[in-house]
Amino acid sequence: MNLRLPRQARVRVRAEFDRVFQDGRRTATPLLALHVLRDGAPARLGLAVSRKVDRRAVARNRIKRALRDEFRHVRAALPDAAFVVVVRHGASSAAPEALREAFRDALRRAGALPAPDVTGTMPAAPPSAIPAPRPAGQ
């Protein structure tokens with residue numbers, strides 16, 4: 001089973017990064033900034049993780065692995081666009097699940113993913129179970 005991100009699903013060329021930064025829309029979370037350019041090509045991901053985020057290559061690669069993995073899982077639900085993630089300094093100490101959640105949150109804010117279902121797991125209470133308000137002064 002090949003779990004690699006295919007070449008056509010990556011933003012690779014500097015000119016394409018520049019075009020996304022210049023013409024795309026930006027959405028941010030405390031851990032990362034997401035630039036989106038809806039250009040009609042299938043969803044693809046570009047990552048920018050600077051040495052300012054963490055000097056150690058191991059830590060930068062851990063961040064990139066977590067974000068690539070999450071992109072693989074949500075790619076089918078994404079619109080045709082280029083997504084470039086610029087990782088911020090706080091990401092170096094964040095857990096991989098926190099990075100994945102920040103990425104999903106940025107995608108939702110950009111309108112690329114639908115908002116999560118907020119109905120919860122419990123059914124709504126029947127109207128008879130909700131107590132009537134008390135009159136003032138009691």
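In the protein chain, 78% of the contacts between residues at least 6 apart in sequence join residues at least 24 apart. That is a good way into this predicted model. The chain has 138 residues, and 37% of them count as buried. It exposes about 9,100 Å², with carbon and sulfur atoms supplying 54% of that area.

How confident is the prediction? The average pLDDT of the protein chain is 88, and 84% of the residues score at least 70. Among the elements, strand β4 (residues 82-87) has the highest mean, 97. Helix α2 (residues 57-74) has the lowest, 94. Where pLDDT is low, predicted coordinates should not be read in detail.

Now the layout. The protein chain holds 3 helices and 4 strands. Along the sequence they follow the pattern α-β-β-β-α-β-α.

Start with helix α1, residues 14-23. Its buried residues are E16, F17 and V20. Viewed down the axis of α1, these buried residues fall within an arc of 105 degrees, so they line one face of the helix. The face turned away from that buried side carries the exposed residues R14, A15 and Q22. What lies over the buried residues of α1? The cover includes β2, β3 (44-48) and β4.

Next come two paired strands. Strand β1 (residues 25-28) and strand β2 (residues 32-37) run antiparallel, joined by 4 bridges. A hairpin of 3 residues leads from β1 to β2. Within this pair, R26 stands opposite H35 in β2.

Two residues of β1 are worth a stop. R26 is found in this strand, and so is T27. Which of them is buried, and which is exposed? R26 counts as exposed, at 52% relative accessibility. The cut-off for exposed is over 50%. T27 is buried, with a relative accessible area of 14%, and buried means under 20%.

Their contacts can be traced as well. Leaving out residues up to four places away in sequence, R26 touches A33, L34, H35 and R88. On the same terms, T27 touches L32, A33, L34, A106, R109 and A110. R26 also gives a sense of how the chain folds back on itself in space: R26 and V85 are 59 residues apart in sequence, while their C-alpha atoms are 9.6 Å apart.

What fills the interior? In soluble globular proteins, nonpolar side chains tend to be buried together. Here the largest nonpolar core has 31 residues. Those with the most contacts inside this core are L34, L67, L78, F83, V85, F103 and L107. Several elements contribute: β2, β3, α2, β4 and α3 (96-109) each supply at least two residues of the core.

L67 shows how such a core residue is surrounded. Setting aside neighbours within four places in sequence, L67 is in contact with L32, L45, L47, V85, V87, L99 and F103. V85 and F103 appear again here, having been listed with L67 among the core residues with the most contacts.

A second core is separate from this one. It has 6 residues, including V11, F17, V20 and V84. Two of these names lead back to the start of the tour: F17 and V20 are among the buried residues of α1.

Methods: Residues are numbered from 1 along each chain as its sequence is written. This is a predicted model: local features need pLDDT of at least 70, side-chain atom pairs count only at pLDDT 80 or more; totals for chains, interfaces and linings use all residues. Side-chain values use heavy atoms; hydrogens and water are left out. Buried means under 20% relative accessible area, exposed over 50%, partly exposed in between (1.4 Å probe, protein chains only). Contact means heavy atoms within 4.5 Å. Accessible areas come from the Shrake-Rupley method with a 1.4 Å probe; for residues, only the protein chains shown count as cover. Two strands pair if DSSP finds at least two bridges between them. pLDDT is the predictor's confidence in each residue, from 0 to 100. The arc is that of the directions from the helix axis to the C-beta atoms. A nonpolar core is a set of buried Ala, Val, Leu, Ile, Met, Phe, Trp, Tyr and Cys residues joined through side-chain atoms within 4.5 Å.
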